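Here are my notes on the model you sent, set out as numbered points so that each can be checked against the coordinates.

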Amino acid sequence: MEYHMVLQKSVVVLVCVYLIWKIIRYIWSFRDLEKEPVVVLVTGAAGQIGYALVPMIARGAMLGPDQPVILHMLDIEPAAESLKGVKMELIDAAFPLLKGIVATSDPVEACKGVNIAVMVGGFPRKEGMERKDVMSKNVAIYKAQASALEQHSAPNCKVLVVANPANTNALILKEFAPSIPEKNVTCLTRLDHNRALGQISEKLFVHVGEVKNVIIWGNHSSTQYPDVNHATVSTCDGDKPVREVVADDKWLNKEFITTVQQRGAAIIKARKLSSALSAASSACDHIRDWVLGTPKGTWVSMGVYSDGSYGIQSGLIYSFPVTCEKGEWSIVQGLKIDEFSRGKMDATAKELIEEKELAYSCLS
């Protein structure tokens, strides 16, 4: 009798172990299921920034190391051969996450099924050109590309405008793509945000990862306001306010601000070319945090549609501090704004209002 009881219990144990093993194998099998590819559009893909950006996307720097992508690359017809060369190099690099490549000069083909659009292409200001001339060129470009996105992109397409004037180009794109939610149209000020982090880390001789919560307010231009009043730096005694640790208000209120505002010009002077690597990396940072979320207790700077927060006129694309969760951004509320900051924030808002009026005059 005892023997049969032991045998019965042994069989039950073996059956349980087998079932648990089957369940574990079943759950583990989901790890091997590949995600659906995300279609990412890069305009101006044959240019400097585009050339730096597309391999970053293909390697997973934008959407994560387990997210397959299909790259759609758009550039103007005169750049078609160069774009073909970029496609060849992407093929030669054999990126495991890269599941397809479209290289074209046709906006309709480029925008089909796009989930994320990174608008790098634009008309740069050349010597002797008036602001209105350059604005008129970019209004025409963004009007055409907005129409293509409006008609052919995937539902809930997220848009990042990089080409300058980035804030106003984003505004024009939103005007001609009314079905794309206003919260899905943004512009790049993460480059300025990262520059500000870099300057503080250099000043304090700490790793850039130890500094957080700087803010870029306003326009991606020389009127932007890099603000450290709410920024912190990690120390052996915990997080401390950047202003307290730097202990040099004169530097923070003058040289630091000017350095960040003029960093792009300084790079052009040094390289004889505009920022490409840092702009591409910042575009990846912007999209990654937007899609995957910002770390708890940390905000980033994004050019987003103003809802009137902090007294900024509604309807401008203005850089605010934001947190991101589940693919949505939210403006950080309740930050104290001193008189110095108020003046800087209003000055950059004034420039954006003037740019908006200029852009709309080009439309008419």
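1. Tyrosine 310 counts as buried in this predicted model, because its relative accessibility of 13% falls under the 20% limit used for that class. Tyrosine 310 sits in the loop between strand 12 (300-305) and strand 13 (317-325), and its backbone deserves a look, since phi is positive at about 60 degrees although the residue is not a glycine.

2. Alanine 247 also has a positive phi, near 55 degrees, in a residue other than glycine. Alanine 247 belongs to the loop between helix 8 (242-246) and helix 9 (249-261), and with a relative accessibility of 63% it counts as exposed, because the class begins over 50%.

3. A further backbone feature to check is the peptide bond from asparagine 164 to proline 165, which is cis, with omega near -5 degrees. Proline 165 is located in the loop that runs between strand 5 (158-161) and helix 6 (166-175).

4. Is threonine 189 buried or exposed? Threonine 189 is buried, with a relative accessible area of 0%, and its place in the chain is the loop between strand 6 (185-187) and helix 7 (190-204). Leaving aside residues up to four places away in sequence, threonine 189 touches Ile216, Gly218 and His220, together with Ser301, Met302, Gly303 and Ser319.

5. Histidine 230, in the loop between strand 9 (225-227) and strand 10, has a relative accessible area of 19% and is therefore classed as buried, the limit being under 20%. The side chain of histidine 230 reaches the backbone oxygen of lysine 336 at 3.1 Å. When residues up to four places away in sequence are not counted, the residues that histidine 230 touches are Asn213, Ile215, Trp299, Leu335 and Lys336.

6. Which strands stand at the edges of the open sheet that is ordered 7-10-11? The sheet is formed by three strands with antiparallel pairing, and its edges are strand 7 (211-212) and strand 11 (238-241), each of which has a single partner strand, so that one side of each is left without a neighbour in the sheet. Strand 10 (residues 232-235) pairs with strand 11 in the antiparallel sense over four bridges, and within this part of the sheet threonine 235 has glycine 238, in strand 11, as its bridge partner.

Terms used
Residues numbered from 1 in each chain as written. Predicted model: local features only at pLDDT ≥ 70, side-chain atom pairs only at ≥ 80, totals over all residues. Heavy atoms only, no water. Helix = DSSP H or I, 4+ residues; strand = E, 2+ residues; numbered from the N terminus. Buried < 20%, exposed > 50% of the residue type's maximum accessible area, 1.4 Å probe, protein only. Contact = heavy atoms within 4.5 Å. Pairing = 2+ DSSP bridges. Polar contact = N/O pair within 3.5 Å; in protein donor to acceptor, adjacent residues only side chain to side chain.
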